[in-house]
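Biologist: I am new to this structure and would like a close look at a single part of it, the way its helices pack. Please take me through that slowly, and then show me what lies around it.

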Amino acid sequence: MNKLTFITPDDWHLHLRDTPQMEAVVGDTARQFGRAIIMPNLNPPVRTCADAIAYRERILAAIPAPSSFTPLMTLYLTDNTSATDIREASDSEHIHGAKLYPAGATTNSEAGVTDLAKLDPVFEAMQKHGLILQVHGEATAPEVDVFDREKVFIDQYLAKIRSNFPELKIVFEHITTRDAIDFVRSVDANTAATITPHHLLINRNAIFEGGIRPHHYCLPVAKREGHRQALLAAASNGEALFFAGTDSAPHSKDAKESACGCAGIYSAHSAVELYAEAFEEAADFTHFESFMSRNGAEFYGLPLNQGSITLERREWTIPDSLPFPGSSLIPFKAGQALHWKIVGND
Ligand code: DOR
Ligand code: ZN
């Protein structure tokens, strides 16, 4: 098979930042995807409906024309989010979820939730109004080993949220472990998960290959090869509750290549081609369209995109570097060859 044509895909987890950085990256996503769930971890975060609508306007203004790309907005949950904030958000056709960052878990999570137990009224309101909960599932207690944070979060927190709010729709974001896959499979159809291209393509060795590799550092951090294999199987075998969400997270080259480098991998430049590379390894494209273009829309209760995208088997090389205000941006797999290229977009 040398050509793949499938329904225009969506990115169910994306960081765009804000102007002017956003202007350097939004075109990459708009070129490939119909829609994307836009993460709210700006500084200050997108806390209210009004913040989200204003951010959406800035995104629309930054998209290179012509484009029919649609940003799907989210709120950032804090200790002070109220049931009213949730009701207002759910009344907006532009807001599709609220993101739970445990405080300190990742980039711009300082304003995140410090005590999950206090969020019950918010989860109750989300369940009632049908707003989807997106979860950064990592325990933040300093004594928890960085490679165990996802599993500990499931055991200590996520399992309780799941059983206390059975009708709440939850997306377990950027899963990295077999434990997360097993959790999603073991609960009901109200729980889904996004999987990134980088977690499908690298394991934790890639962070230390011949030296410290800051461009392979993200959160949750990549895990052992066995976990990567399990993610690849979950993505490629057609299960409806797993779908694409790149977690593409631009940071300048300087912020990454530093004594305390930021977490985040920029994959948006070639996101669809990177996912194709992963499915190529699985040697099975049967469910590529489901993973890229159907499962997420169905979980979010949105129609499928109208258009299509075509990839051709053709070797090409990802650029070493991309423009970024005040610095440059190093894309995931910079300078490396990929074997599928987008050749058409209708
Ligand atoms: O690696 C990450 N980068 N993980 C996240 O959860 C946030 C993201 C970012 O915003 O840079
Ligand atoms: Zn993210």
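Modeller: The axes I shall speak of are lines fitted to C-alpha atoms, for helices over the stretch in contact, and the angle between two of them runs from 0 to 180 degrees between N-to-C directions. Please keep in mind throughout that this is a predicted model. In general, two packed helices are described by the angle between their axes and the distance between the axes.

With that in hand, take helices H10 and H11, whose axes come within 10 Å and cross at roughly 145°. On the H10 side the contact is made by Val-272, Tyr-275, Ala-276 and Phe-279, and on the H11 side by Phe-288, Phe-291 and Met-292. Sorted by class, the residues of this contact are seven nonpolar, with no polar and no charged ones. H10 covers residues 271–282 and H11 covers residues 288–300, and the loop between the two holds Ala-283. Although Ala-283 is not a glycine, its phi is positive, at about 60°. Ala-283 counts as exposed, because its relative accessible area is 66% and the cut-off for that word is over 50%.

A second pair of helices is found towards the start of the numbering, where H1 (residues 21–32) and H2 (residues 49–62) have axes that come within 9 Å and cross at roughly 70°. That angle makes H1 roughly perpendicular to H2, and the crossing is right-handed. The residues that meet here are Met-22, Glu-23 and Val-26 from H1, together with Tyr-55, Arg-58, Ile-59 and Ala-62 from H2. By class, this contact has five nonpolar residues and two charged ones, with no polar residue.

The loops that come before these two helices each hold a proline that deserves a careful look. Pro-20 sits in the loop between strand S2 (10–14) and H1, and the peptide bond that leads to Pro-20 from Thr-19 is cis, with omega near 5°. Pro-44 sits in the loop between strand S3 (35–38) and H2, and the bond joining Asn-43 to Pro-44 is likewise a cis peptide bond, with omega about 0°.

A third pair, H3 and H4, has axes that come within 9 Å and cross at roughly 25°. The two helices are therefore roughly parallel to each other, since angles under 35 degrees count as such, and their crossing is right-handed. H3 contributes Ala-83, Ile-86, Arg-87 and Ser-90 to the contact, while H4 contributes Val-122, Ala-125, Met-126 and His-129. Here the classes are five nonpolar, two polar and one charged.

H4 itself (residues 120–129) has Val-122, Phe-123, Ala-125, Met-126 and Gln-127 among its buried residues. What covers the buried residues of H4 includes H3 (83–91), strand S5 (95–100), strand S6 (133–135) and H5. After H4 comes Gly-130, whose phi is positive, near 75°.

H5, which spans residues 149–164, is the helix in which Tyr-157 is placed. Tyr-157 counts as partly exposed because its relative accessibility is 31%. Leaving aside residues up to four places away in sequence, Tyr-157 touches Leu-116 and Val-152. To tie H5 back to the pair we began with, Tyr-157 and Ala-271 are 114 residues apart in sequence and 31 Å apart in space, taken from C-alpha to C-alpha.

Beyond the helices themselves, there is a metal site to look at. The zinc ion (ligand 2) is coordinated by His-13 (NE2), His-15 (NE2) and Asp-247 (OD), at 2.0 to 2.1 Å. Along the sequence these donor residues are spaced H-x1-H-x231-D. His-13 and His-15 are both buried. Asp-247 lies in the loop between strand S9 (242–244) and helix H9 (253–256), and has a positive phi of about 55° although it is not a glycine. Asp-247 counts as buried, because its relative accessible area is 7% and the cut-off is under 20%. Two residues that are not glycines have thus come up with a positive phi, namely Asp-247, which is buried, and Ala-283, which is exposed.

Definitions and conventions: Residues are numbered from 1 along each chain as its sequence is written. Chains are lettered from A and ligands numbered from 1 in the order in which they are written. This is a predicted model: local features need pLDDT of at least 70, side-chain atom pairs count only at pLDDT 80 or more; totals for chains, interfaces and linings use all residues. Side-chain values use heavy atoms; hydrogens and water are left out. Helices (H or I, at least four residues) and strands (E, at least two) are DSSP runs, numbered from the N terminus. Angles under 35 degrees count as roughly parallel, over 145 as roughly antiparallel, 65 to 115 as roughly perpendicular and the rest as oblique. A crossing is left-handed if the near helix is turned anticlockwise from the far one by less than a right angle, and right-handed if clockwise. Contact means heavy atoms within 4.5 Å. Ala, Val, Leu, Ile, Met, Phe, Trp, Tyr, Cys and Pro count as nonpolar, Asp, Glu, Lys and Arg as charged, and the others, Gly among them, as polar. Buried means under 20% relative accessible area, exposed over 50%, partly exposed in between (1.4 Å probe, protein chains only). Donors are N, O and S atoms within 2.8 Å of the metal (3.2 Å for Na, K and Ca); water is not among the atoms, so sites may look incomplete.
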